[in-house]
Amino acid sequence: MPSRKPQIAVVATRGLADLCRSQLTEYAHLADWRLLDRPLEDAEQDARSLWRAGLLDALVAAGANAQQLREALPVPVATIQVNGFDVLLALQQAQAMDAGRVVILTRQQLASEFADLQPMLSLPLDIRTYQQDEAARQLLRTLAHSGERVVVVGSSLIVSWAMQEGLPGVILYSAPSVRRAFDDALEVARIAHLEEIKRERLDCIVQTLAEGVVAVDMEERIETLNPAMAHLLGVAEEWATGRRLSELCPPLSLQDVLRSGEASRERVESVGQRTLVTHRLPLIEQGQQTGAVLTFQDASSIQSADRKLRTLSQRRQFRARYRLDDLVGESPAIQRVRELARLYGASDAVVLLQGESGTGKELLAQGMHLHSARRHAPFVAINCAAFPDSLLESELFGFEEGAFTGSRKGGKAGLIELAHTGTLFLDEIGDMPLPLQTRLLRVLQEREVLRLGGVEPTPVDLRVMAATHADLRQRVAEGRFRADLYYRLNILALNVPPLRERLQDLPLLAQHLLAGLQAKLGQGGDSHPVWQAVLQHAQGYVWPGNVRELENLLERALVFHLGHAHTATGADWSSILPELHPTPTSADPIEATLAHHQGDLQAAARALGISRTTLWRRRKGGGV
């Protein structure tokens, strides 16, 4: 879309208006021109109305009129200026009128060198200036009654007054001077138009910002503010303009910045019921401070964005961290596990890891992923026992927009889709609800996933690894796990031994875990007392929580040691580590039953005929 023509008004009367009119034909195609051939006061009012209506980009005027318009209106003014050529041309015309004397009458003093022209002329040259109109008119009356043949040279107003007195006159302005003023007006209008486009674009950007923005002048009067800031202040934008910001909202005052010229960033402030993060900056134009600007962001928006960024970062970084070499231990049992894990890692078949909680099943899954051809693709893990049934379904399979009340606009990809080209690790697969087992079986068979509320399945290329502490065969027999899914999962089976079956690895494990805990807590120093306190009774403990429990006890002991390094007694360690010092009447049978059920607290409680809570209390030495 072509840009509009410049809107230019020419203020001139009488002879100058005629001269301007004669030149406008040549310039008509370059702008929309308006000739205001009216007294100055009326022309000024017309120009103001045009400006308010957005129909005025520049003005053209001569002499004192140009100066007055420049002071009265916020519009650029191009001046019709008098130069040496204009004077010579006017004198030539005056001489042709058979004048006895030429009087040049102007408000402003012409250059002194024009007086030097007089010896070259065949008629006397009289240069006069005036400040008040009445003085000029009195001089013209005197000249008219002098009886001389006088020709008056000056502005169109002076020539008009001279002719009223019966004196011939010549306008001091020439056609070239008028054209130069027109050219100047076109250029300033073009520049003003470009600046206006920039201002409008900037204003449009500011108006659409979610952040609040307000700019003030050096008296802290508001020059502009956007809707977000107006909403915070509870005012209309037009009403607030021109008022002092600190009067509208003292906590957002910009007076300190206006005084010091120093920026103030990331200040947390309360305005009403909202917590804001504000930034205050000085406005510098051409090296001078002309005001200040304040922006704010709602703290809740920042927190929301932070949560989204962390979630996005986490999902973008679905990656494995542990390698098979991180499985610490030299016992035959663990060496066999590492050997099989390396073999299985090179395959692309489904892996089923079975073992008690805390034995390191996910560590092995990550290690096998990093040992596979999919090592550079995502490793996506989910604990099937950690979600309610409906939430687990949406997390795994995703959903389309409108699939259920409160569903995210645009829908969401599930973890199965996010694991595309990589590995999906399903921890605690034995706790997956039967309906979801059916849907997972279809994913494994068809290699495609259908979102909740969707009609078109999405193809997926992934490897599945599953882990469980439960006896899946028994759950199949009980009807709690699908047999077809079990056989689909039980291709590469890997049984992870509990810690009690590889107690010879305890020293290596304790040393490795302690090093990690010291780094985590930012503590160095001698950890031998901790190592000794834990391992002293570790060989006689069944470790129902396995490696995870060992790490927890080590961290507890290390924290205690850091505060009591020189005062701890054996009794202190016994109270800090009661698991390793059980009462003989309650721990032995219970621990034997728990060991028989591979650390499954629910199964052991059922066998003992007590609740899981009671079992936990008795293991802690709390009696019945």
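# Exercises on two sheets, a helix crossing and a ring cluster

An open sheet of four strands, with parallel pairing, follows the order β6-β5-β7-β8. The model in which this sheet appears is a predicted one, and the exercises below work through it part by part.

## Exercise 1

Which strands stand at the edges of the sheet β6-β5-β7-β8, and which helix packs on the sheet?

**Solution.** Begin with the edges: these are β6 (125-129) and β8 (169-171), each of which pairs on one side only. From one strand to the next, the twist averages 20 degrees. Next, take the pairing of β6 with strand β5 (residues 101-106), which runs in the parallel sense over five bridges; within this pairing, T106 has T129 of β6 as its bridge partner. Finally, the helix that packs on the sheet is α5 (residues 133-144), which touches β5, β6 and β7 (150-154) and whose direction makes about 170 degrees with that of β5.

## Exercise 2

Find the order of the strands in the open sheet of five strands, and explain why one side of β15 and one side of β22 are left without a neighbour in the sheet.

**Solution.** The order of the five strands is β15-β18-β21-β14-β22, and the pairing is parallel. Because β15 (379-383) and β22 (492-495) stand at the edges and have a single partner strand each, one side of each has no neighbour in the sheet. The twist here averages 15 degrees from one strand to the next. For β15, the pairing can be followed in detail: five bridges join β15 to strand β18 (residues 423-427), the two running parallel, and A381 has F425 in β18 as its bridge partner. A helix also packs on this sheet, namely α14 (residues 361-370), which touches β14 (351-354), β15, β18, β21 (463-468) and β22, with its direction at about 155 degrees to that of β14.

## Exercise 3

Work out how α1 and α6 are oriented to one another, and which residues make their contact.

**Solution.** The first step is the geometry: the axes of helix α1 (residues 14-27) and helix α6 (residues 156-164) come within 6 Å and cross at roughly 130 degrees. An angle over 145 degrees would count as roughly antiparallel and one of 65 to 115 degrees as roughly perpendicular, so α1 is oblique to α6. The second step is the contact itself, to which α1 contributes R14, G15 and L16, while α6 contributes S156, L157 and S160. By character, the residues of this contact divide into two nonpolar, three polar and one charged.

The surroundings of α6 can then be added. The buried residues of α6 are S156, I158, V159, S160, W161 and A162, and these buried residues pack against α1, β5, α5, β7 and β8. After α6 comes G166, whose phi is positive, near 85 degrees.

## Exercise 4

Which ring pairs does Y27 form, and what is the geometry of each?

**Solution.** A pair of aromatic rings is described by the distance of the centres and the angle of the planes. For Y27 and W33, the values are 6.2 Å centre to centre and 80 degrees between the planes, and the pair is edge-to-face. For Y27 and F182, the centres are 5.4 Å apart and the planes stand at 80 degrees, so this pair is edge-to-face as well. The pair of Y27 and F182 links distant parts of the chain, since Y27 lies in helix α1 and F182 in helix α7 (residues 175-208), 155 residues apart. Through these ring pairs, Y27, W33 and F182 are linked into a cluster.

## Exercise 5

Decide whether Y27, W33, F182, V87 and E417 are buried or exposed.

**Solution.** The cut-off needed here is that a residue under 20% relative accessible area is buried. Among the ring residues, Y27 has 6% and is therefore buried, W33 is buried at 16%, and F182 is buried at 0%.

V87, which lies in helix α4 (residues 84-96), is buried with a relative accessible area of 1%. The C-alpha atoms of V87 and Y173 are separated by 8.0 Å, although these two residues are 86 residues apart along the chain.

E417, which lies in helix α16 (residues 415-418), counts as buried at 17%. When its neighbours within four places in sequence are left aside, E417 is in contact with F397, V449, R451, T458 and V460.

Conventions: Residues numbered from 1 in each chain as written. Predicted model: local features only at pLDDT ≥ 70, side-chain atom pairs only at ≥ 80, totals over all residues. Heavy atoms only, no water. Pairing = 2+ DSSP bridges. Axes fitted to C-alpha atoms, helices over the stretch in contact; angles between N-to-C directions. Contact = heavy atoms within 4.5 Å. Parallel < 35°, antiparallel > 145°, perpendicular 65-115°, else oblique. Nonpolar A, V, L, I, M, F, W, Y, C, P; charged D, E, K, R; others polar. Phe/Tyr/Trp six-rings, centres within 6.5 Å; stacked < 30°, edge-to-face > 60°. Buried < 20%, exposed > 50% of the residue type's maximum accessible area, 1.4 Å probe, protein only.
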